[in-house]
Amino acid sequence: MKKLLKRVEQALYQTSGIGSLVGKCLLGGIVLIIVVDIALRYVFNRPLAYSVELVELALALIVFFGIVACTAQRGHININILLARFPKRGQAGINGFFYFLSAGLFGLIAWRCVIYAMQLRDMGQVSMMLKLPYFPFVLVVALCSLLTGLVFLAQSIHFVVEAVRK
């Protein structure tokens, strides 16, 4: 059981690393699009008509890829003024509980995003300029939310094991 949990956790962290890389590439693409748009606007007076649309879609993906990477690296902010007053075992138990709630919240976000993506697909919603369908972007957001929830769940299990062990 312990080896299986370790393998699953390792796979989640590797996947979050890939997501972090994708987010960085998207951010580089946004910078490139903006630089090209500015250059075309001021040099040739012909800006890219679709730059705003691409930047908006990429930003949504960057945020959720970033959330996965931040969660896997435990880079989120913890305010533990009250929690520091508890013994270590109590801290681990409380952290486990809140990480479990966070896992549930991101699972709920993923579930609702899948439903929303299917509605967008059925309605045929597309972007204005490029006519890109929106639903694949929402499905990526759902996947990132699911991964974040799974990372929180794995971290929650670690805290619970730590609370029980001590």
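This passage walks through a predicted model, covering its confidence, helix packing, cysteines, loops and a handful of individual residues.

Because the model is predicted, local features are reported only at pLDDT of at least 70 and side-chain atom pairs only at pLDDT 80 or more, while totals for chains, interfaces and linings use all residues. Residues are numbered from 1 along each chain as its sequence is written, and side-chain values use heavy atoms, with hydrogens and water left out.

Confidence comes first. The pLDDT (the predictor's confidence in each residue, from 0 to 100) averages 88 over the protein, and 98% of the residues score at least 70. Helices here are DSSP runs of H or I with at least four residues, strands are runs of E with at least two, and both are numbered from the N terminus. Among the elements, helix H3 (residues 88-123) has the highest mean pLDDT, at 92, and helix H1 (residues 2-43) the lowest, at 86.

Now for the packing of H2 on H4. Two packed helices are described by the angle between their axes and the distance between the axes. The axes are lines fitted to C-alpha atoms, for helices over the stretch in contact, and the angles run from 0 to 180 degrees between N-to-C directions. Helix H2 (residues 51-72) packs against helix H4 (residues 135-165) at about 10°, and their axes are 9 Å apart. That angle makes H2 roughly parallel to H4; the cut-offs are under 35 degrees for roughly parallel, over 145 for roughly antiparallel, 65 to 115 for roughly perpendicular, and oblique for the rest. With contact taken as heavy atoms within 4.5 Å, the H2 side is made up of Leu 57, Ala 60, Leu 61, Phe 64, Phe 65, Ile 67, Val 68, Thr 71 and Ala 72, and these meet Phe 137, Val 140, Val 141, Cys 144, Ser 145, Leu 147, Thr 148, Val 151, Phe 152 and Gln 155 in H4. The residues of this contact split into 15 nonpolar, 4 polar and no charged. Here Ala, Val, Leu, Ile, Met, Phe, Trp, Tyr, Cys and Pro count as nonpolar, Asp, Glu, Lys and Arg as charged, and the others, Gly among them, as polar.

What about the cysteines? A disulfide is taken as a pair of cysteine sulfur atoms within 2.5 Å, and by this rule the count comes to 0 disulfides. Cys 70 is in no disulfide, and the nearest cysteine sulfur, in Cys 144, is 13 Å away. For Cys 144, in turn, the closest cysteine sulfur belongs to Cys 113, at 9.9 Å, which is too far for a bond. As for accessibility, buried means under 20% relative accessible area, exposed over 50%, and partly exposed in between (1.4 Å probe, protein chains only). Cys 144 is therefore buried, at 1%, whereas Cys 70 counts as partly exposed, at 29%.

Two loop residues stand out for their backbone angles. Most residues other than glycine have a negative phi. Asn 45, though, has a phi near 55°, a positive value in a residue other than glycine. Asn 45 sits in the loop between H1 and H2 and is exposed, with a relative accessible area of 62%. The other case is Lys 131, in the loop between H3 and H4, where phi is near 60°, again positive in a residue other than glycine. Lys 131 counts as exposed, with 53% relative accessibility.

Residues in H1 come next. Ser 16 lies in helix H1 and is buried, with a relative accessible area of 5%. Leaving aside residues up to four places away in sequence, Ser 16 touches Val 68, Ala 69 and Ala 72. Lys 6 is also placed in helix H1, but Lys 6 is exposed, at 53% relative accessible area. The C-alpha atoms of Lys 6 and Ala 154 are separated by 9.1 Å, with their positions 148 residues apart along the chain.

Ala 154 turns up again with Gly 107, a residue of helix H3. Gly 107 and Ala 154 are 47 residues apart in sequence and 13 Å apart in space, C-alpha to C-alpha. Gly 107 counts as partly exposed, at 30% relative accessibility.

Finally, Phe 159 is found in helix H4 and is buried, with a relative accessible area of 11%. Apart from residues up to four places away in sequence, Phe 159 touches Arg 74, Ala 92, Asn 95, Gly 96 and Tyr 99. The C-alpha atoms of Phe 159 and Phe 100, 59 residues apart along the chain, are 9.8 Å from each other.
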